Amino acid sequence: MRPLRHILIALAVALSTPAMAETNEGKPQMFVRDLYPLITTPALFEARDFYTRHFGFQAAFEASWFVYLYGPGEEGTRGAVLAFMHPDHPSVPPGPESFDGKGMILTIEVADAAALYQKLTAENAPIIHPLTDEEWGQRRFMTRDPAGVLVDVVEQIDPQPGFWDQYPAPEM
């Protein structure tokens, strides 16, 4: 019953928020109410267990063919949302083949990557890239979930002095 409560609360918030608003030019502007990756995989329950165990996600909705997860927010933030769908369900829209582990990185930003690295290492999660302080200003490591998604766990740190000087933004 708890997952249904979360869906009903989210629906109530969505319905109370206008989907369109006037822009400066008087034309309607569409607002995005939510945006999340939907990964098509037969390993949806294994992926659910991976994110609940290692990252503290909770299931907001589960069925035999679909899992909708939300992660804990920090200091008043909403947190992250992630979904998995079984490739054999009749509701699968045309096109999403089962994810093959190529071409996608899911980045999860945390406050303390080193602590999470120790936790995942102790829990025998696969470590694809070790904990590293990158010169561009990230402390990071990588793991892979049961669906094959490469998960890049990052903490923002100070970059090496002058690193970003070599990558100026284009002039507007």
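**Exercise 1. Sort the lining of the second largest pocket by residue class.**

Solution. The structure is a predicted model.
- Step 1. Count the classes: the lining holds 13 nonpolar, 5 polar and 2 charged residues.
- Step 2. Add the space: the second largest pocket encloses about 430 Å³.
- Step 3. Find the centre. The lining has 20 residues, and P72, A80, I108, E109 and V110 are the closest to the pocket centre.
- Step 4. Assign the elements. Helix 2 (44–55), strand 6 (81–85) and strand 7 (105–109) each bring at least two lining residues.
- Step 5. Pick the main contributor: strand 7 gives the most, with 4 residues.

**Exercise 2. Lay out the secondary structure of the protein chain from the N terminus on.**

Solution.
- Step 1. Count the elements: there are 3 helices and 10 strands.
- Step 2. Put them in order: α-β-β-β-α-β-β-β-β-α-β-β-β.
- Step 3. Check burial across the chain. Of its 172 residues, 30% are buried. The cut-off for "buried" is under 20% relative accessible area.

**Exercise 3. Identify the residues of the nonpolar surface patch that includes W164, and place W164 in the chain.**

Solution.
- Step 1. Name the members: W136, W164 and Y167 form the patch.
- Step 2. Give the area: together they have about 340 Å² of accessible area.
- Step 3. Locate W164. This residue sits in the segment after strand 10 (150–156).
- Step 4. Class its exposure. W164 has a relative accessible area of 46%. Partly exposed covers the range between under 20% and over 50%, so W164 is partly exposed.

**Exercise 4. Is Q160 buried, exposed or partly exposed, and how far is its C-alpha atom from that of E135?**

Solution.
- Step 1. Locate Q160: the segment after strand 10 contains this residue.
- Step 2. Read its relative accessible area, which is 48%. Q160 is therefore partly exposed.
- Step 3. Look along the chain: Q160 and E135 are 25 residues apart.
- Step 4. Look in space: 5.2 Å separates the C-alpha atoms of Q160 and E135.

**Exercise 5. Describe the backbone and surroundings of N124.**

Solution.
- Step 1. Recall the general rule: most residues other than glycine have a negative phi.
- Step 2. Compare N124. Its phi is positive, about 60°, although N124 is not a glycine.
- Step 3. Place N124 in the loop between helix 3 (113–122) and strand 8 (127–134).
- Step 4. Judge exposure. N124 has a relative accessible area of 68%. The cut-off for "exposed" is over 50%, so N124 is exposed.

Definitions and conventions. Residues are numbered from 1 along each chain as its sequence is written. This is a predicted model: local features need pLDDT of at least 70, side-chain atom pairs count only at pLDDT 80 or more; totals for chains, interfaces and linings use all residues. Side-chain values use heavy atoms; hydrogens and water are left out. On a 1 Å grid over the protein atoms alone, a cavity is a set of points where a 1.4 Å probe fits but cannot get out, and a pocket is an open set with protein on both sides within 12 Å along at least five of seven lines; lining residues have an atom within 4 Å of a point. Grid points are joined across faces, edges and corners, and a volume is the space filled by probe spheres set on the points. Ala, Val, Leu, Ile, Met, Phe, Trp, Tyr, Cys and Pro count as nonpolar, Asp, Glu, Lys and Arg as charged, and the others, Gly among them, as polar. Patches are made of residues with over 30% relative accessible area and no salt bridge: like charges are joined within 9 Å, nonpolar side chains (Val, Leu, Ile, Met, Phe, Trp, Tyr) within 5 Å. Accessible areas come from the Shrake-Rupley method with a 1.4 Å probe; for residues, only the protein chains shown count as cover. A salt bridge is a side-chain nitrogen of Lys or Arg within 4 Å of a carboxyl oxygen of Asp or Glu. Buried means under 20% relative accessible area, exposed over 50%, partly exposed in between (1.4 Å probe, protein chains only).
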